[in-house]
Amino acid sequence: MTTPTREAGLWPDVPGLVHGIVSVSPPVVQCDGCGARFTGGTLALTVILSGITFHPDALGRGEGRRMCRACWDSTATAAQPAAVG
């Protein structure tokens with residue numbers, strides 16, 4: 001099971017690994033939006049179970065951020081125009 005933690009600031013990526021992987025021992029993946037870090041038993045489980053993902057639409061726009069669902073949702077909400085009414 002992954003464990004979330006929140007601390008100020010983003011850690012640097014591990015050189016040679018995919019963006020958002022900030023440690024391999026222990027394995028840690030970090031959200032670019034809120035800075036939440038998740039760790040699990042293995043690197044593969046941490047990446048999969050953390051829920052911190054690259055958004056396919058954002059990748060198509062050249063935006064390579066890895067974020068948790070709450071941050072992607074808030075980004076999508078902020079990007080939508082206000083309802084007229």
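This is a short walk through one chain, from its overall make-up down to a few residues.

The model is a predicted one, so please read what I say with the confidence values in mind. The mean pLDDT of the chain is 79, and 68% of the residues reach 70 or more. Broken down by element, the lowest mean pLDDT, 61, belongs to strand β1, residues 3–6. The highest, 93, belongs to strand β3, residues 27–30.

Now the layout. The chain has three helices and six strands. Reading from the N terminus, the order is β-β-β-β-α-β-α-β-α. There are 85 residues, and 29% of them count as buried. The chain exposes about 5,400 Å², with carbon and sulfur atoms supplying 63% of that area. As for contacts with a separation of 6 or more, 37% are between residues 24 or more positions apart.

One example of residues distant in sequence is A36 and L10. They are 26 residues apart along the chain, and their C-alpha atoms are separated by 8.8 Å. A36 lies in strand β4, residues 36–39. Is A36 buried or exposed? A36 is buried, because its relative accessible area is 0%.

Next, the surface. Which residues make the nonpolar patch of about 310 Å²? They are L45, I48 and L49. Two of these I can place for you. L49 sits in helix α1, which covers residues 43–50, and I48 is in helix α1 as well. I48 counts as exposed, because its relative accessibility is 64%. L49 has a relative accessible area of 48%, so L49 is classed as partly exposed. To put I48 in context, its C-alpha is 9.8 Å from that of V29, with the two positions 19 residues apart in sequence numbering.

On to the cysteines. How many disulfides does the structure hold? The count is zero. C31 is in no disulfide, and the nearest cysteine sulfur to it, that of C71, is 3.6 Å away. C31 is also buried, at 0% relative accessible area. What about C71 and the closest cysteine sulfur to it? That sulfur is in C68, at 3.6 Å, which is too far for a bond. The cut-off behind that reasoning is 2.5 Å between the two sulfur atoms, so a pair at a greater distance is not counted as a disulfide. C71 counts as buried too, because its relative accessibility is 11%.

The last stop is T53, in strand β5, residues 53–54. T53 is partly exposed, because its relative accessible area is 38%. Which residues does T53 contact, leaving aside its neighbours within four places in sequence? The contacts are R65, R66, M67 and W72. For W72, there is also a C-alpha distance: T53 and W72 are 19 residues apart along the chain, and their C-alpha atoms are separated by 9.0 Å.

To recap: the chain has three helices and six strands, a nonpolar surface patch made by L45, I48 and L49, and zero disulfides. When looking at strand β1, keep in mind its mean pLDDT of 61. That is the end of the talk.

How values were computed:
Residues numbered from 1 in each chain as written. Predicted model: local features only at pLDDT ≥ 70, side-chain atom pairs only at ≥ 80, totals over all residues. Heavy atoms only, no water. Patch = residues over 30% accessible without salt bridge, like charges linked within 9 Å, V, L, I, M, F, W, Y side chains within 5 Å. Areas by Shrake-Rupley, 256 points an atom, 1.4 Å probe, with all protein chains shown as cover. Salt bridge = Lys/Arg side-chain N within 4 Å of Asp/Glu carboxyl O. Helix = DSSP H or I, 4+ residues; strand = E, 2+ residues; numbered from the N terminus. Buried < 20%, exposed > 50% of the residue type's maximum accessible area, 1.4 Å probe, protein only. Contact = heavy atoms within 4.5 Å. pLDDT = per-residue confidence, 0-100.
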